[in-house]
Each structure stands twice: as C-alpha cells, then as structure tokens.
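Subject: A structure to look through

Dear colleague,

I am handing over the structure we talked about, and I would be glad if you could open it beside this message. Please read the notes below slowly, with the model turned to whatever view suits you.

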Amino acid sequence: QVQLVESGGGLVQAGGSLRLSCAASGRAFSVYNMGWFRQAPGKEREFVAAIRWSGGYTDYAESVRGRFTISRDIAKNTVYLQMNSLKPEDTAVYYCALRPSPSDYAYWGQGTQVTVSS
C-alpha cells in the first residue's frame, strides 16, 4: 500500500505564490509518474500537472501552463507544485496522485485546500 501526504496549501492573495508538496511512502512501490489534480466546489476534478519519474517529462493543463511548475525529488519520493501568479479561479482542493505503471492513477492523497482571494 502507498500513502500520499500533501502539504503546503493555504490562503493567498491573487498574484501570490504557494508551493505544494506530496510525499509518497510505503513498502516496495514503483513510480511511473505523479500528478496533481484539483477540484473546485461544484466542479469535477481536473488535471493540473504531471511528471514522469524517469526522465522528468512534464505535462500541464493549459489553464496553469506558464504559472505552475511541477518537479520531483526521487530520493525523497516527493513531488512538488510551485504555483505562481495565482488567480481566484485556482481556488480548489488539490490532490496528488501516483501512477505505478502506465495505467490509471492508483493512489491518491487526502487533498490540501488552496484559496486565492481577489
């Protein structure tokens, strides 16, 4: 079993920055990639960004491209999401997820709230 623990959420004014972290732990697990998703009130969960563990290839939703940066620390089994130039529409619960193979995301964190005030 894999546990994902997110941290770093909070309240920030529009234009500000936050850095989210997600640490993975467990016994003998592999990582194909890790990603960040978010869900705003009354909306479906949406993809934000992902990073391939081998090679560091990244992918972003168009709405955050150029403002958010995903990175990873392989030694710490941790993925980060640096969020700059935050907008009120970025307000959501942010979840990290882990994909152990090129299939569905199998493990999810508990989520961390990000609130951007105007």
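The notes that follow go from the overall build to the sheet, the core and one single residue.

Please keep in mind from the start that this is a predicted model. The protein has eleven strands and zero helices, and so its pattern, read along the sequence, is simply β-β-β-β-β-β-β-β-β-β-β.

As for overall dimensions, the C-alpha trace spans about 45 × 25 × 25 Å along its principal axes. A compact globule with 118 residues would have a radius of gyration near 13 Å, and the protein, at 14 Å, agrees with this. Buried residues make up 41% of the 118 residues, while the surface that the protein exposes comes to about 6300 Å², with carbon and sulfur atoms supplying 46% of it. If you look at contacts between residues at least 6 apart in sequence, 52% of them join residues at least 24 apart.

Next, the pairing of strands. Strands of a sheet pair through backbone hydrogen bonds, in either a parallel or an antiparallel way. Here you will find an open sheet of four strands, in the order 1-3-8-7, with antiparallel pairing. Its edge strands, each of which pairs on one side only, are strand 1 (2-7) and strand 7 (68-73), and the twist from one strand to the next averages 15°. Within this sheet, strand 3 (residues 18-26) and strand 8 (residues 78-83) pair in the antiparallel sense over six bridges, and cysteine 22 stands opposite valine 79 in strand 8.

Strand 4 deserves a separate look. Which strands does strand 4 pair with? Strand 4 pairs with strand 5 in the antiparallel sense over six bridges, and with strand 9, again in the antiparallel sense, over seven bridges. In the first of these pairings tryptophan 36 stands opposite alanine 49 in strand 5, and in the second arginine 38 stands opposite tyrosine 94 in strand 9. Strand 4 and strand 5 also form a hairpin with six residues between them, and glycine 42, in the turn, has a positive phi of about 75°. Strand 4 is mostly covered, since six of its seven residues are buried.

This brings us to the interior. In soluble globular proteins, nonpolar side chains tend to be buried together. The largest nonpolar core here has 30 residues, and those with the most contacts inside it are Met34, Trp36, Leu81, Met83 and Tyr94. Among the elements that give two or more residues to this core are strand 1, strand 3, strand 4 (33-39), strand 5 (46-52) and strand 9 (92-99). Leaving aside residues up to four places away in sequence, methionine 34 touches a long list of partners, including Leu4, Cys22, Ala50, Ile70, Val79, Leu98 and Tyr105.

Finally, please find serine 21, which lies in strand 3. Is serine 21 buried or exposed? With a relative accessibility of 18%, serine 21 counts as buried, because the cut-off for buried is under 20%. Apart from residues up to four places away in sequence, serine 21 touches Val5, Glu6, Ser7, Trp36, Val79 and Tyr80.

With best wishes

Key: Residues numbered from 1 in each chain as written. Predicted model: local features only at pLDDT ≥ 70, side-chain atom pairs only at ≥ 80, totals over all residues. Heavy atoms only, no water. Pairing = 2+ DSSP bridges. Axes fitted to C-alpha atoms, helices over the stretch in contact; angles between N-to-C directions. Core = buried A, V, L, I, M, F, W, Y, C linked by side-chain atoms within 4.5 Å. Buried < 20%, exposed > 50% of the residue type's maximum accessible area, 1.4 Å probe, protein only. Contact = heavy atoms within 4.5 Å. Rg over C-alpha atoms; globule rule 2.2 N^0.38 Å. Areas by Shrake-Rupley, 256 points an atom, 1.4 Å probe, with all protein chains shown as cover.
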